[in-house]
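Grab a pencil and work through these exercises one at a time. Try each task on your own before you read its solution.

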Amino acid sequence: IEAKRLLQSKEFGKLLKVSTRRIGPPPGRDMGVGVLLDLGIHDLDLMQWITGEKLITTQSDFITGVVSPYDDLALVSGRLPSGALWHSEVSWLSPTKKRGLDLLFVSGAVSLDLLTGEVVIIRQSGEEHHWDVIRELRGSISSTSTVYGIKTLEPLLSMHETLVAAISSGDWSTLPRLEDSLEVLDLIETLYSG
C-alpha cells in the first residue's frame with residue numbers, strides 16, 4: 001500500500017523500474033505446479049496493482065527439474081505501457097528466504113523487505129560530489145537514505161482481513177480487480193506455453 005501511495009504521489013518523479021524477488025528453499029512437498037504459478041503470481045499481481053498498468057512481457061527464462069518436475073526458478077521481465085521496466089525473480093532453489101519489492105524513480109528509489117517490514121527510501125539530493133575519490137565510490141550525485149521499520153503482519157491473515165473488510169464495506173479499492181488477476185494468470189499461461 002505504501003509503495004502504491006509513493007508511486008501515485010509522484011514524489012520521486014517518473015517510475016523507471018519495478019522489480020520483485022521471492023526466493024527460498026524448496027517447499028518440501030509436490031506443489032503440483034511450478035514456482036512461477038505458486039509464488040510468482042503474487043508478485044506479478046502486486047506489480048500490476050501497484051503500478052496500475054498491465055505487465056507486458058518481453059522475456060522469460062526457467063530452470064526446471066532440480067527439486068520438482070516443474071519450473072524451480074523463473075526470471076520474467078518486460079515493460080509497462082508507461083515505458084517503465086519490470087522484473088521478477090522467483091525460486092525454490094535458494095538456501096535463504098527473501099521477499100522484496102524495489103521501485104526505481106528518476107529522483108530516488110524505494111526498497112521494501114516484505115519479510116521484515118523494513119522500508120528504505122533513498123532520495124537524490126541533486127548535489128554533485130566534487131572529489132574524485134568520492135565520485136568513484138558513491139557516484140556523481142549524493143543521496144540520503146531513510147530506513148523505516150514497519151510492524152509486520154502474517155500475510156495470509158492480513159489478506160483475509162482486507163478481503164473481509166472489502167466485503168463488509170463494499171469498498172474494493174484496496175484490492176486488485178478480478179480482471180487484473182485473471183490477466184496475470186493468462187500472462188503466466190502464455191509464458192509456460194511460449
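**Exercise 1. Place S94 and describe its surroundings.**

Step 1: find the place. S94 sits in the loop between β4 and β5 (98–105); helices (H or I, at least four residues) and strands (E, at least two) are DSSP runs, numbered from the N terminus.

Step 2: check the burial. With a relative accessible area of 12%, S94 is buried. The cut-offs go like this: buried means under 20% relative accessible area, exposed over 50%, and partly exposed in between (1.4 Å probe, protein chains only).

Step 3: look for a polar partner. A polar atom of the S94 side chain lies 2.8 Å from the backbone oxygen of T96.

Step 4: list the touching residues. Not counting residues up to four places away in sequence, S94 touches I23, G24 and P25; contact means heavy atoms within 4.5 Å.

Before you go on, here's how to read all this: the model is predicted, so local features need pLDDT of at least 70 and side-chain atom pairs count only at pLDDT 80 or more, while totals for chains, interfaces and linings use all residues. Residues are numbered from 1 along each chain as its sequence is written, and side-chain values use heavy atoms, with hydrogens and water left out.

**Exercise 2. Sketch the overall layout of the protein chain.**

Step 1: count the elements. The protein chain has five helices and eight strands.

Step 2: put them in order. From the N terminus on, they run α-β-α-β-β-β-β-β-β-α-β-α-α.

Step 3: add the burial. Of the 194 residues of the protein chain, 35% count as buried.

Step 4: add the contacts. Take the contacts in the protein chain with a separation of 6 or more: residues 24 or more positions apart account for 61% of them.

**Exercise 3. Work out which residues of helix α1 are buried, and what follows the helix.**

Step 1: pick out the buried ones. In helix α1 (residues 2–9), they are A3, K4, L6 and L7.

Step 2: look down the axis. The buried residues of α1 fall within an arc of 165°, so they line one face of the helix. That arc is the one of the directions from the helix axis to the C-beta atoms.

Step 3: recall the helix rule. An α-helix has 3.6 residues a turn, so residues three or four places apart point the same way.

Step 4: zoom in on K4. Its charged end sits over the ring of W49, 4.7 Å from the ring's centre (the rule is NZ of Lys or CZ of Arg within 6 Å of the ring centre and within 35 degrees of the ring normal).

Step 5: step past the helix. K10 follows α1 and is found in the loop between α1 and β1 (15–23). K10 has a positive phi of about 60° although it is not a glycine. At 61% relative accessibility, K10 counts as exposed.

**Exercise 4. Describe the largest nonpolar core.**

Step 1: get the size. The largest nonpolar core has 33 residues. Such a core is a set of buried Ala, Val, Leu, Ile, Met, Phe, Trp, Tyr and Cys residues joined through side-chain atoms within 4.5 Å.

Step 2: find the best-connected members. L36, L44, W86 and V110 have the most contacts inside this core.

Step 3: name the top contributor. Helix α2 (residues 35–51) gives the most to the core, with eight residues.

Step 4: recall the general trend. In soluble globular proteins, nonpolar side chains tend to be buried together.

**Exercise 5. Compare the settings of S88 and L101.**

Step 1: take S88. This residue lies in strand β4 (residues 85–91), and at 2% relative accessibility it counts as buried.

Step 2: find its polar partner. The side chain of S88 makes a polar contact with the side chain of T20 at 2.8 Å. A polar contact is a pair of N or O atoms within 3.5 Å; within protein, one must be able to donate a hydrogen and the other to accept it, and residues adjacent in sequence count only if both atoms are side-chain atoms.

Step 3: turn to L101. Its place is in strand β5, and L101 is buried, with a relative accessible area of 2%.

Step 4: list some neighbours. Leaving aside residues within four places in sequence, L101 is in contact with several residues, including T20, L46 and V110.
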